[in-house]
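Student: Please give me a close look at a single part of this model, the surroundings of the ligand, and then follow the strand pairing from there.

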Amino acid sequence: MRSDQKMKASATPDDDTNDGVGRLTKPAGPPSLELIEDLTTHAGAIQRRLLREIVATNAGTDYLRRLLGDNDGAHGDDDALAAAFKERVPVVEYEDIKQYVDRITGGEPSSLLVSSAPITEFLISSGTSSGQPKLMPSTEDDLRRRAFLFSLLSPVLNKYVEGMGEGKGMYLLFVKPEATTASGLTARTALTSFFNARLVREALSARGTSSEAAMRCTDVEESMYAQLLCGLAHRGEVVRVGSVFATALLRAVRFLETHWRALCDDIRAGRADPSVVTDASCRDAVDAVVARPDPGLADAIAAECAAGSWRGIVRRLWPRAKYIDAIVTGSMAQCVPMLEFYAGGLPLVSTIYASSESYFGINLRPLDRPEDVAYTLIPNMCYFEFIKVDNDGEVDTVVDLVDVEVGGYYELVVTTFTGLYRYRVGDILQVAGFHNAAPQFRFVHRRNVVLSVDTDKTSEDDLLRAVTATKPLLAPLGCVLAEYTAYADTSSIPGHYVLFWELTPPPPPRHDSGGEDDVARVMAACCAAVEAGLDAVYRRCRSRDRSVGPLEIRAVAPGAFDALMDLCVSHGSSVNQYKTPRCIKHPDAIAVLEQRVVGRFFSDAVPHWEPLKVAAATGDT
Ligand code: AMP
């Protein structure tokens, strides 16, 4: 028997519904609190069965045959299978599987490589590899699994928030450009993929204020304007306001602050200003929403916007809103103070923990404060494992979902139906507790990421490389970069990267030549060069999404970094082991450097970005 035939024969390994577990591994069933109870109660058994299904389904692929031989996963008990799997399949990172991704994007049949079900598209992750976004394989079934997790949010929210079904959601969602691989597969972000599913589109247009054309509009500012116009036109019906990540929502409020007059004029006139919304299909769709002149609504909105402080503006503009729906955990925690200022007491609700690799979990206590949010991993999403980490970094133990310990820190590792086997996601999580047998995790941070404003994720290495490349630019000033560190400044919207630089010898305060300030010119060029050296996601945020502002270098006086060291030592660092932190977060550390700033310089050029070109296996682009 050929191995792919054999694989088919065993694709549904004793789908025994006697113990109910076979049923629970499927992403099916009317979403209900009872189903969540069932899933979390049987977390261990579901995980073991899921692993067996994954191995049996994909036993004939190159990847698994190479590691497991012709073991099709259908025989032996679940525990024995899990033990063999862990013994023979290594924990990997993207670089280890990239050759497979490249072969599929180059046209080789995915069913022979990593996943027996055909890969139908790639999801573009915001994590990068060699400066380019990572591509995660996805299948039809994967989309169903994601939709299933999403469907579980409704019963949870209904339990805590009354009248959810009575109005609309104003969700600011931005569909991103898609790329096509040499083999003709689409590569797009997980949200864009999800949005393309018919059911999701229908749900959004029935229960959301934004017209589909507005979300698809390729110009981000035009899309924002159009979506806000729709949201304001539906003001009386909006029961929740949201975006995927909190940064987009903050940006929307900021946008509103500068554009509310024009938006009110459009509501008064009953149509979108064609000089602002230039995309014809977007304008037609928005005109259909605004529909008729409404001077009363325009005056009411203008009165709120003109009322001085913008404290509580979200609640004032959408008085029926019951909560704000956006991820405010992880790097988004930096948005919480501003969002609370605008929210006027509306709870900030982070509902979901998900990624391009797989969707992971949901928040079962949506009204918890952002700092208390923990996500319950849903055991039929993928096979979860956890690398234990302690203060010194990584420890060599990998444990199962149900075996993590409360309070412990772990890095998430997943095995999916779509061809990821023991794949390190890169997220560090802390166990906050359990819901039945399923652990609940607090998102701690992303491994190796030191700077992040929006979906950008900059590591210490990325930063070092980008900064090092700019050093020759300092030559005309006759100085070198002695020390640097950075932080993400999100006190303004959009946030931006701030680099503190100590230059030796310090550049002359002013150095006029032909009326030009050489120092300012050189430093602005350094800012731009650092940006140009950062990865594709950073450059996309800066140039296309404009969700990250121009990078700033703050030159500090000589001795500033000694003062930083003194501070760290006073907080307990050992002088012997002290290394300049390449990223600082503590307000005291920022203040020490801030007090010694002698010049502030901003990037004067938007870094180049172009949509992802997917490389074929041949290396062609
Ligand atoms: P992407 O694959 O580009 O969609 O990004 C997924 C990553 O976003 C995850 O691996 C996390 O690092 C981050 N992320 C997703 N959901 C959350 C959440 N609820 N809280 C914090 N970070 C999140």
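Tutor: Two strands count as paired here if DSSP finds at least two bridges between them. With that in hand, and bearing in mind that this is a predicted model, we can begin with a sheet and then turn to the ligand. An open sheet of four strands runs in the order β2-β1-β5-β4, and its pairing is mixed. Its edges are β2 (132-138) and β4 (179-180), each of which pairs on one side only. At the β4 edge, strand β5 (residues 186-188) is joined to β4 by two bridges in the antiparallel sense, and T180 has T186 of β5 as its bridge partner. Helix α7 (residues 94-105) packs on this sheet, where α7 touches β1 and β2, and the direction of the helix makes about 145 degrees with that of β1.

Turning to the ligand itself, we find 15 residues around it, of which S126, T329, I352, S356 and D427 come nearest. By class, the residues of this shell divide into seven nonpolar, six polar and two charged. Two of the polar approaches involve nitrogen atoms of the ligand: a polar side-chain atom of T329 lies 2.7 Å from a ligand nitrogen, while a polar backbone atom of I352 is 2.8 Å from a ligand nitrogen. An oxygen atom of the ligand, in turn, has a polar side-chain atom of R446 at 3.0 Å. The ligand would expose 500 Å² if taken alone, and the protein buries 90% of that.

Which elements give two or more residues to this shell? They are β1 (121-129), β9 (352-354), β15 (423-435) and β16 (438-446), so that β1, already met as a member of the four-stranded sheet, belongs to the ligand's surroundings as well. The strand that gives the most is β9, with three residues.

From β9 the pairing can be followed further. Strand β10 (residues 359-362) runs antiparallel to β9 and is joined to it by three bridges, with G361 of β10 as the bridge partner of Y353. Together β9 and β10 form a hairpin, with four residues between the two strands. Beyond this hairpin, β10 also pairs in the antiparallel sense with strand β11 (residues 375-377), over two bridges, and there T376 of β11 is the bridge partner of I362.

How values were computed
Residues are numbered from 1 along each chain as its sequence is written. This is a predicted model: local features need pLDDT of at least 70, side-chain atom pairs count only at pLDDT 80 or more; totals for chains, interfaces and linings use all residues. Side-chain values use heavy atoms; hydrogens and water are left out. A residue is near a molecule or strand if one of its heavy atoms lies within 4 Å of it. A polar contact is a pair of N or O atoms within 3.5 Å; within protein, one must be able to donate a hydrogen and the other to accept it, and residues adjacent in sequence count only if both atoms are side-chain atoms. Accessible areas come from the Shrake-Rupley method with a 1.4 Å probe; for residues, only the protein chains shown count as cover. Ala, Val, Leu, Ile, Met, Phe, Trp, Tyr, Cys and Pro count as nonpolar, Asp, Glu, Lys and Arg as charged, and the others, Gly among them, as polar. Contact means heavy atoms within 4.5 Å. Axes are lines fitted to C-alpha atoms, for helices over the stretch in contact, and angles run from 0 to 180 degrees between N-to-C directions.
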